[in-house]
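Subject: Structure handover and findings

Hi,

Here is the structure I promised to pass on. Please open it alongside this message. My notes follow below.

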Amino acid sequence: RYVDTTYKTLLFDKTIGISHCRNAKVNGKVVQDHLIDFQKIYKGRSITRLPKLLQNYFKNLDPNCDIAFLIAGYEKDKPYAYRIFTKGGIEKLNTQEPASYWEGDRNIPSRLFTNLYIKKGYDYQIHTHYDLDINNFSIPEGIDFATFLIKTSEECMKYQKVNKYIGGPIDILVIKSYESYWYQLKKI
């Protein structure tokens with residue numbers, strides 16, 4: 001049910017991206033194929049209407065499926081972003097300030113960016129911590145950051161006693177109010 005061999009992001013119309021994680025298949029068909037079917041039915045719909053439509057679409061396919069979606073895009077030059085859970089609610093995300101969202105396994109990224117405490121005697125002291133400067137990321141830096149998180153998680157899983165479900169080629173969808181494009185990493 002959880003695999004790393006499926007496409008997990010779709011460009012919906014021209015200014016909306018939909019990503020998913022958790023269940024890779026619903027009713028024997030990969031989620032990406034269901035998303036293509038969804039796009040045929042709901043093409044041209046407002047991004048503000050898509051979260052509920054998407055949630056209902058997948059609940060109707062299988063009420064027990066467990067999928068988390070991130071939707072981001074533009075409508076009339078205004079950015080919108082949502083988290084949608086088939087086994088939960090819909091959350092409108094703040095698009096007024098830079099942010100990074102990751103709905104997949106947060107095990108590795110959370111360890112990289114969470115405060116670490118070291119025991120000294122009977123007390124715990126915070127280990128040196130460096131904040132991220134995402135407020136000033138350019139698009140190339142944002143791409144580098146996303147790639148770093150994915151590659152680091154993939155590499156760590158090689159050495160952990162877990163089923164590997166992060167991996168494969170990394171394609172990043174860049175969405176602007178006036179254009180969208182895929183950024184594909186070159187294999188070295």
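Which members of the largest nonpolar core touch the most other members? They are Phe58 and Phe69, in a core of 22 residues. Two or more residues come from each of S1, S2, H1, H2, S5 and S6. H2 gives the largest share, with 5 residues. As general background, nonpolar side chains tend to be buried together in soluble globular proteins.

Before the details, a word on the model.

**Model and confidence**

This is a predicted model. The mean pLDDT of the protein chain is 85. Of its residues, 92% reach 70 or more. Confidence is highest in H2, at a mean of 97, and lowest in H3, at 72. A general caution applies: where pLDDT is low, the predicted coordinates should not be read in detail.

The protein chain has 188 residues, and 34% of them count as buried. It holds 4 helices and 11 strands. Its C-alpha trace spans about 60 × 40 × 35 Å along the principal axes. Take the contacts between residues at least 6 apart in sequence: 53% of these join residues at least 24 apart.

**The sheet**

An open sheet is built from 5 strands. Their order is S1-S2-S5-S6-S7, and the pairing is antiparallel. S1 and S7 (90-92) are the edge strands, each pairing on one side only. On average, neighbouring strands are turned by 20 degrees against each other, direction ignored.

Two pairings are worth a look:

- S2 (residues 16-22) runs antiparallel to S5 (residues 67-75), and 7 bridges join them. Ser19 has Leu70 of S5 as its bridge partner. Gly17 stands opposite Ala72 in S5.
- S5 also pairs with S6 (residues 78-85), again in the antiparallel sense, over 8 bridges. Here Ala68 stands opposite Phe85 in S6.

S5 and S6 form a hairpin with 2 residues between the strands. Within this hairpin, Lys76 takes a positive phi near 50 degrees.

**Helices on the sheet**

H1 lies across S1, S2 and S5. Its direction is at about 10 degrees to S1. H2 (residues 50-61) lies across S1, S2, S5, S6 and S7. H2 runs at about 150 degrees to S5.

Back to Phe58. Leaving aside neighbours within four places in sequence, what is Phe58 in contact with? The list is Val26, Val31, His34, Leu35, Cys65, Ile67, Phe69 and Thr86.

**Aromatic pairs**

The count comes to 6 aromatic pairs. One is Phe12 with Phe38, a tilted pair at 5.9 Å centre to centre, with 45 degrees between the planes. Phe12 lies in S1 (residues 9-12) and Phe38 in H1 (residues 31-42), so this pair ties together parts 26 residues apart in sequence. Both Phe12 and Phe38 are buried.

Phe38 has a second ring partner, Tyr42. Why does that pair count as tilted? The planes are at 45 degrees, and the tilted class takes what is neither under 30 nor over 60 degrees. The ring centres of Phe38 and Tyr42 lie 4.8 Å apart. These two residues are 4 apart in H1, which means a separation of about one helical turn. Tyr42 is buried, as is Phe38.

Ring pairs link a cluster of Phe12, Phe38, Tyr42, Tyr57, Phe58 and Phe69. Phe58 and Phe69 are thus in this cluster, and they are also the two that touch the most other members of the largest nonpolar core.

**A buried loop residue**

Leu93 sits in the loop between S7 and H3 (107-113). Is Leu93 buried or exposed? Leu93 counts as buried because its relative accessibility is 6%, and the cut-off is under 20%. Not counting residues up to four places away in sequence, Leu93 touches Leu70, Ala81, Tyr82, Arg83 and Tyr101. Leu70 is the bridge partner of Ser19. For scale, Leu93 and Asn60 are 33 residues apart in sequence. Their C-alpha atoms are 25 Å apart in space.

**Where to start**

I would open the view on Phe58 and Phe69, which touch the most other members of the core. Then follow the ring cluster to Phe12 and Phe38. Finish at Leu93, in the loop after S7.

Best wishes

Methods: Residues numbered from 1 in each chain as written. Predicted model: local features only at pLDDT ≥ 70, side-chain atom pairs only at ≥ 80, totals over all residues. Heavy atoms only, no water. Pairing = 2+ DSSP bridges. Phe/Tyr/Trp six-rings, centres within 6.5 Å; stacked < 30°, edge-to-face > 60°. Buried < 20%, exposed > 50% of the residue type's maximum accessible area, 1.4 Å probe, protein only. Axes fitted to C-alpha atoms, helices over the stretch in contact; angles between N-to-C directions. Contact = heavy atoms within 4.5 Å. Core = buried A, V, L, I, M, F, W, Y, C linked by side-chain atoms within 4.5 Å. pLDDT = per-residue confidence, 0-100.
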